[in-house]
Amino acid sequence: MLSLINIEKSYDGQPLLKGVSFTIEENETVCLLGPSGSGKSTLLRIIAGLEAPESGDVLWENVSLAGIPTHKRRFGLMFQDYALFPHRNVAENIAFGLKMQNLPIEEINARVKNALQTIGMTDFAKRKVTELSGGEQQRVALARALAPNPRMLMLDEPLGALDRALREALIQELRRTLHESQIPAIYVTHDQEEAFAIADRLLLLHQGTIIQSGPPHEFFHHPRNEWVARFFGLGNLIDGIVIDQTPLLVETPLGIIHASCDDRNPVVGQHTTLLFRPSQARQNLTVTENRVAGKVLDQVFQGEKFQVSLFINEQLPEFNIILPEPAQIGDIIDVNYVPADVLCLQNGED
């Protein structure tokens with residue numbers, strides 16, 4: 001449906017977007033995820049036609065959108081502040097875009113009614129938007145974006161102004177609405193949990209490039225490099241030097257670790273980073289390799305489990321694991337990792 005080809009953009013002489021390319025398929029919700037300043041919102045504005053790229057092209061069904069103004073691209077836009085008209089009621093806000101299309105009043109009324117049913121706010125049609133809660137305003141903004149039947153929906157941090165509890169309550173509802181609408185969507189956020197819950201596919205932006213793309217579960221199981229693992233907070237990252245390739249053995253502050261690698265193993269003598277996920281620590285005293293022992297510094301209750309922080313040595317002052325039962329501060333905890341659960345990552349951002 002949508003294709004971006006080598007999009008370049010700079011600000012103040014500094015490159016912001018560096019040859020960004022990706023596609024969005026029919027009925028797909030794609031999430032642009034990344035830290036502040038990575039170029040997410042700028043990319044959205046370029047797709048919307050609010051900004052022009054310095055080079056590259058945006059295509060819809062293989063036809064260039066260059067020179068086509070925003071209002072003729074037929075894309076629905078929803079921003080973090082919702083941009084609702086305070087002097088109009090709920091129904092009038094939803095109807096605004098429809099009136100701009102000069103549709104017959106009967107069709108406008110029918111679409112507004114259908115939009116209100118979609119967001120579960122049929123009884124709110126005459127309510128002033130200034131009297132609505134943050135979650136209700138979010139629903140109205142979504143209904144206004146969907147009412148004109150856009151070819152694609154673009155959402156820029158749509159839940160960013162809401163508190164955490166309300167965001168969590170609305171995430172599943174928003175995902176359901178997007179899928180039921182059968183409209184492809186681009187969803188911009190910096191919140192990882194939000195991205196995992198909403199997206200069919202993630203595009204992770206870092207310093208103007210897409211550093212990894214794929215379904216959410218791939219980022220957890222197969223982070224492309226150390227930066228991706230650190231961004232998602234996947235676990236303990238331990239530096240080491242490869243001392244053997246087959247099997248892959250890495251000398252670390254934990255001792256010699258038997259690890260695995262998604263790609264071909266690094267060469268002997270190469271510096272690498274190992275990922276130890278807290279949830280994959282095992283308390284199996286009969287296993288002798290990949291043992292990790294440390295003193296309990298702290299623990300945090302997380303519902304059905306406990307996150308425990310261990311002091312290993314001066315080189316590794318803190319190492320986190322997940323245990324099913326609580327531990328006592330000062331206890332010595334001994335765990336191990338099977339080699340397949342210790343992932344060898346590329347260093348840095350390569």
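Which residue, with a positive phi, follows helix H3? In this predicted model, the residue after H3 is Gly-120, and its phi lies near 65 degrees. The helix that comes before it is a good place to begin reading the structure.

Helix H3 runs over residues 105-118, which makes 14 residues, and the distance from its first C-alpha to its last is 20 Å, close to the 20 Å expected at 1.5 Å a residue. Several of its residues are buried, namely Ile-108, Arg-111, Val-112, Ala-115 and Leu-116. When one looks down the axis of H3, these buried residues fall within an arc of 135 degrees, so they line one face of the helix. The general background is that an α-helix has 3.6 residues a turn, so residues three or four places apart point the same way. On the other side of H3, by contrast, Glu-106 and Lys-113 are exposed.

What do the buried residues of H3 pack against? Their partners are helix H2, residues 90-100, and helix H4, residues 134-146. A closer view of this packing comes from Ile-94, which, leaving aside its neighbours within four places in sequence, is in contact with Val-112, Ala-115 and Leu-116, and also with Val-140, Ala-143, Arg-144 and Ala-147.

Some of these residues also belong to the largest nonpolar core, which has 53 residues, and in which Ile-94, Val-112, Leu-116, Leu-153, Leu-155, Leu-204 and Phe-232 touch the most other members. The element that gives the most to this core is H4, with six residues. Apart from this core lies another, of 26 residues, including Ala-259, Val-308, Leu-316 and Val-335.

Methods. Residues numbered from 1 in each chain as written. Predicted model: local features only at pLDDT ≥ 70, side-chain atom pairs only at ≥ 80, totals over all residues. Heavy atoms only, no water. Helix = DSSP H or I, 4+ residues; strand = E, 2+ residues; numbered from the N terminus. Expected span 1.5 Å × (residues − 1). Buried < 20%, exposed > 50% of the residue type's maximum accessible area, 1.4 Å probe, protein only. Arc of directions from axis to C-beta. Contact = heavy atoms within 4.5 Å. Core = buried A, V, L, I, M, F, W, Y, C linked by side-chain atoms within 4.5 Å.
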